[in-house]
Amino acid sequence: MGWPLAVSAGLMDKSPRALFRALWALAAGHLLATLLVLLPFALLLVLAEWQRSIQLVASLLVIGFGVYRLIERRHPRTLARIPPTQLALWSFAVAIAHGAALMLVPIYLGLCQAFELDAGHEAAGALMKASLVKASLGMTVLVSVVHVAAMISAGGCLAWLVYRYLGLRFVSRSWFNLDAIWATSLIVVGVVALAFNVSSWR
């Protein structure tokens, strides 16, 4: 969600290099936030006998945070006080505030399971099994790096298209409420994970 700041950096400096420098800073902040949330869960996986309890609590945590984001729409004022020159700090703070890494917790903990999977979902399933079996910190770092690479690639493409071709009018005309979509997706993922865990008890 920080790609408009990359566009702004490019336009202010009138240089594509400024845009890409901003993207690197955003990626660094987002990666740090993702690791900060995922690493404690990776350490908790060592306690295999508590796996079911951890899964249920994580499901409820994701649902609760999604409901909170739907109710509390305002951004924390401290985020507005971070100067644009500190994009890595801004990216870190926003990723924590929006619960970006919480979206990865259900996958990492194996909360979501499905049947008749396509190749992409089979790969995600293999990742879940590997992380649950090995409780690997390396797997946590890999998940975080892949997530940030996907996020910064998508955001970078948008930033470059707006900076180079579409212009700021495109942003003002086509903007939609990403916060509501993000919060709703957190709730949906949490409810699905909770449903799978409760049904597996029967």
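The paragraphs below go from model confidence to the nonpolar core, the salt bridge and a surface patch.

This is a predicted model, in which local features need pLDDT of at least 70 and side-chain atom pairs count only at pLDDT 80 or more, while totals for chains, interfaces and linings use all residues. Residues are numbered from 1 along each chain as its sequence is written, and side-chain values use heavy atoms, with hydrogens and water left out. The pLDDT, the predictor's confidence in each residue from 0 to 100, averages 77 over the protein chain, and 70% of the residues score at least 70. Among the helices (DSSP runs of H or I, at least four residues, numbered from the N terminus), H7 (residues 119-134) has the lowest confidence in the chain, at a mean of 58, and H1 (residues 3-13) the highest, at 87.

The largest nonpolar core (buried Ala, Val, Leu, Ile, Met, Phe, Trp, Tyr and Cys residues joined through side-chain atoms within 4.5 Å, where buried means under 20% relative accessible area with a 1.4 Å probe and protein chains only) has 18 residues, and those with the most contacts inside it include Trp 3, Leu 19 and Ala 159. At least two residues of this core come from each of H1, H2 (16-44), H5 (87-98) and H8.

The side chains of Arg 21 and Asp 13 form a salt bridge at 3.7 Å, N to O, the cut-off being a side-chain nitrogen of Lys or Arg within 4 Å of a carboxyl oxygen of Asp or Glu. By this rule the count is 1 salt bridge.

Leu 161, Tyr 165, Leu 166 and Phe 170 make a nonpolar surface patch of about 410 Å², a patch requiring over 30% relative accessible area and no salt bridge, with like charges joined within 9 Å and nonpolar side chains (Val, Leu, Ile, Met, Phe, Trp, Tyr) within 5 Å; accessible areas follow the Shrake-Rupley method with a 1.4 Å probe, and for residues only the protein chains shown count as cover. Helix H8 (residues 137-166) gives the largest share of the patch, 3 residues.

How values were computed: Buried means under 20% relative accessible area, exposed over 50%, partly exposed in between (1.4 Å probe, protein chains only).
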